[in-house]
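Hi everyone, thanks for coming. Have a look at the structure on the screen, and I'll walk you through a few places in it.

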Amino acid sequence: MEPEPIRILVVDDEPVICDGCRLILSDRCFDVDSCNSGKTGLEMLLAGEYDLALLDMKLPDMNGMEILEHVKKDNVGTYIIVMTGYSSVKNAVDAMKLGAFEYIAKPFTDDELLISVQRAVETKRLKEENLALRHQLSERYDFGNIIGENPEIIKIFDAIRKVAS
């Protein structure tokens, strides 16, 4: 079964950035949408339909940090790559504290963008795979799969349950 295409949202008030990112990423078979306002971008992100977002920090109607806070608070699951022309170490640290996956400074090259996106996509897929495998393991080795009604066995199961976590 072929995996679903990665959905990416570009949130930037500069149409040339949105168009450039869309062209670069669409050529790599990513499904890319864009918007030019923070409020619209936040609504689209909170709908939970995107795997990854490229987020500008300076938007006319909303600060990128505010968007990061909302996305983190609502635990959306979208990985965020912050883009900014006003790069500083403090801003980068603050963005990472709010859950940004990566921070790239404008102007960036096609390769810089692709490397950041590929790294985020790979990390997201590995995390999802890890969670799926953990779920499979917990189902496979659940107490419900062990047969035993002896009172001594039941005491052992109770003891294991108490210390399992």
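Let's start with Leu45, which has 0% relative accessibility and therefore counts as buried. You'll find Leu45 in helix 2, which runs over residues 38-46. If you want a partner to look at alongside it, try Val11: Leu45 and Val11 are 34 residues apart in sequence, and their C-alpha atoms are 9.8 Å apart in space. Please keep in mind that this is a predicted model.

Now for helix 1. How far apart are the end C-alpha atoms of helix 1? They are 16 Å apart, and that agrees with the expected span, because 12 residues, 15-26, at 1.5 Å a residue should also give 16 Å. Which residues of helix 1 are buried? They are Ile17, Cys18, Cys21, Ile24 and Leu25. Looking down the axis of helix 1, you would see these buried residues fall within an arc of 140 degrees, so they line one face of the helix. Turn to the face pointing away from that buried side, and you meet the exposed residues Val16 and Leu23.

Some of those names were cysteines, which brings up a natural question. How many disulfides does the structure hold? The count is 0. As a reminder, a disulfide is a covalent bond between the sulfur atoms of two cysteines. Take Cys21, which is in no disulfide: the nearest cysteine sulfur belongs to Cys18 and is 7.1 Å away. Cys21 counts as buried because its relative accessibility is 2%. Cys35 is in no disulfide either, and its nearest cysteine sulfur, again that of Cys18, is 7.0 Å away. Cys35 is buried too, with a relative accessible area of 7%.

One more cysteine deserves a stop, and that's Cys29. Where is Cys29? It lies in the loop between helix 1 and strand 2, the strand of residues 31-35. Is Cys29 buried or exposed? Cys29 is exposed, at a relative accessible area of 64%. Its backbone is worth a look as well: Cys29 is not a glycine, yet it has a positive phi of about 70 degrees. For context, most residues other than glycine have a negative phi, and most peptide bonds are trans.

That second point leads us to a peptide bond. The bond from Lys106 to Pro107 is cis, with omega near -10 degrees. To find Pro107, go to the loop between strand 5, residues 102-105, and helix 5.

While we're on loops, here are two more residues. Phe101 sits in the loop between helix 4 (89-97) and strand 5. Phe101 is partly exposed, with a relative accessible area of 22%. Phe101 and Gly20 are 81 residues apart in sequence, with 21 Å between their C-alpha atoms. Then there's Lys58, in the loop between strand 3 (52-56) and helix 3. At 48% relative accessibility, Lys58 counts as partly exposed. From Lys58 to Met83 it is 25 residues in sequence and 9.0 Å in space, C-alpha to C-alpha.

Last topic: pockets. Rolling a probe the size of a water molecule over the atoms shows where empty space is left. The largest pocket has a volume of about 290 Å³. Of the 16 residues lining the largest pocket, Asn75, Gly77, Thr78, Tyr79 and Lys127 are the closest to its centre. Which elements give two or more residues to this lining? Those are helix 3 (64-73), strand 4 (79-84) and helix 5 (110-140). Helix 5 provides the largest share, 4 residues. Sorted by class, the lining of the largest pocket has 8 nonpolar, 4 polar and 4 charged residues.

The second largest pocket has a volume of about 170 Å³. It is lined by 10 residues, and the closest to its centre are Glu4, Pro5, Ile6, Asp51 and Glu128. Which element gives the most to this lining? It's helix 5, with 4 residues. By class, the lining of the second largest pocket divides into 4 nonpolar, no polar and 6 charged residues.

That's my tour, and I'm happy to go back to any of these places with you.

Methods
Residues are numbered from 1 along each chain as its sequence is written. This is a predicted model: local features need pLDDT of at least 70, side-chain atom pairs count only at pLDDT 80 or more; totals for chains, interfaces and linings use all residues. Side-chain values use heavy atoms; hydrogens and water are left out. On a 1 Å grid over the protein atoms alone, a cavity is a set of points where a 1.4 Å probe fits but cannot get out, and a pocket is an open set with protein on both sides within 12 Å along at least five of seven lines; lining residues have an atom within 4 Å of a point. Grid points are joined across faces, edges and corners, and a volume is the space filled by probe spheres set on the points. Ala, Val, Leu, Ile, Met, Phe, Trp, Tyr, Cys and Pro count as nonpolar, Asp, Glu, Lys and Arg as charged, and the others, Gly among them, as polar. The expected span of a helix is 1.5 Å times one less than its number of residues. Buried means under 20% relative accessible area, exposed over 50%, partly exposed in between (1.4 Å probe, protein chains only). The arc is that of the directions from the helix axis to the C-beta atoms. A disulfide is a pair of cysteine sulfur atoms within 2.5 Å.
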